[in-house]
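Opening the notebook on this one. I want to look up the pockets first, then the sheets and the helices packed on them.

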Amino acid sequence: MNAFRSNTPDRTFEKLNTNGNFTRLAVSPGIINKHYTPAQFQKIAEVVGDSGAIKYSASYSILLSVPTINVNEIINELQEAGLYIAKQGPIVAIKACDFCDGDKMEAAEITEHLYEALHEETVPSRLRLNINGCASACYNAVYDDIGLVYQKDSFDVYLGAVPMGANAKAGTLFAKRVSVQKIESFLQQIIRHYQKHARPNEPFHKFYRRTNSAEFWQALKPSLISAFGVVSF
Ligand code: SF4
């Protein structure tokens with residue numbers, strides 16, 4: 001009955017912080033690569049040690065609870081082992097599928113470019129941008145705040161997903177076939193609207209559903225149509 005053994009963990013982040021000072025790190029092999037090496041797992045076990053905790057999450061990363069006093073040294077060691085540590089807080093957080101374990105890499109270069117261009121952007125509430133490499137969208141791009149589904153040198157863009165809760169639902173198609181050359185500029189415009197018009201800490205899906213008939217989206221519509229091709233609101 002291992003499936004239901006130890007259902008109540010005794011080393012959660014909250015419990016550890018009642019008697020100590022721990023920091024949580026979201027660690028993964030990369031944005032695209034989902035394969036850890038045995039050496040990386042050994043390094044994770046070593047830095048967490050007997051005092052911390054390891055948990056897997058729904059966001060393609062492993063959550064480590066490590067002593068705050070050693071966190072900078074631990075981050076250096078994890079990075080030297082080739083691991084990626086996601087930045088926390090209200091930023092544009094980029095996710096991606098694994099491009100069929102590296103067999104379908106057509107959208108990998110633009111994914112890396114979008115990461116470099118957008119991941120330092122500060123926004124009212126953490127904004128998840130999920131890039132999937134084909135129409136199968138098997139990493140559920142349409143259930144993140146901005147879902148990009150790659151098809152032949154272009155992306156279909158989905159907005160407005162409610163990612164969790166009783167009212168969870170997929171986003172709707174916002175724009176079809178935005179070219180690889182224009183996708184960064186297209187996303188920048190959406191992000192600018194969010195930065196400018198959202199209420200403090202307002203999640204993107206609430207902002208989008210509250211404002212999608214507002215004048216500023218409508219005012220943007222003609223420029224999007226002329227600049228980017230077909231756009232649906
Ligand atoms: S979305 Fe497409 S390219 Fe990405 S892992 Fe799934 S099947 Fe492969």
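**Largest pocket.** I started here and got a volume of about 780 Å³. Before going on, I noted the basis: the model is predicted, local features need pLDDT of at least 70, side-chain atom pairs count only at pLDDT 80 or more, and totals for chains, interfaces and linings use all residues. Numbering starts from 1 along each chain as its sequence is written, and side-chain values use heavy atoms, with hydrogens and water left out.

My pocket criterion: on a 1 Å grid over the protein atoms alone, a pocket is an open set of points where a 1.4 Å probe fits, with protein on both sides within 12 Å along at least five of seven lines, and lining residues have an atom within 4 Å of a point. Points are joined across faces, edges and corners, and the volume is the space filled by probe spheres set on them.

Which residues lie nearest the centre of the largest pocket? I found Ser59, Tyr60, Ser61, Lys95 and Arg128, out of a lining of 34 residues. Strands E1 (22–28), E5 (92–96) and E6 (127–132) each put in at least two residues, and E5 gives the most, with five. (Strands are DSSP E runs of at least two residues, helices are H or I runs of at least four, numbered from the N terminus.)

By class I noted 18 nonpolar, nine polar and seven charged residues in this lining. Here Ala, Val, Leu, Ile, Met, Phe, Trp, Tyr, Cys and Pro count as nonpolar, Asp, Glu, Lys and Arg as charged, and the others, Gly among them, as polar. Domain 1 (2–85) and domain 2 (92–228) each contribute at least three lining residues; those bounds come from an automatic or database domain assignment.

**Second largest pocket.** I get about 230 Å³ for this one. Its lining has 14 residues, with Pro9, Arg11, Thr12, Ala53 and Ile54 nearest the centre. Helix H1 (13–19), strand E2 (53–56) and strand E3 (62–67) supply at least two each, and E2 leads with three. The class split is five nonpolar, four polar and five charged.

**Five-stranded sheet.** I traced an open sheet in the order E5-E6-E7-E8-E9, with mixed pairing; two strands pair if DSSP finds at least two bridges between them. Why do E5 and E9 (172–179) each have one side without a neighbour in the sheet? They stand at the edges with a single partner strand each, so one side of each is left free of a neighbour. Twist averages 20° from one strand to the next. E8 (154–159) and E9 run antiparallel and are joined by five bridges, and I found Phe155 opposite Val178 in E9.

Next, the helices on this sheet, taking contact as heavy atoms within 4.5 Å. H5 (108–118) lies across E5, E6, E7 (146–151) and E8, at about 170° to E5. Axes are lines fitted to C-alpha atoms, for helices over the stretch in contact, and angles run from 0 to 180 degrees between N-to-C directions. H6 (183–197) lies across E5, E6, E7, E8 and E9, at about 145° to E9.

**Four-stranded sheet.** This open sheet runs E2-E3-E1-E4 with antiparallel pairing. E2 and E4 (84–85) are the edge strands, each with a single partner, so each has one side with no neighbour in the sheet. Two bridges link E1 and E4, and Ser28 stands opposite Tyr84 in E4. H2 (38–48) lies across E1, E2 and E3, at about 35° to E3. H3 (71–80) also packs on the sheet, touching E1, E3 and E4, and makes about 10° with E1.
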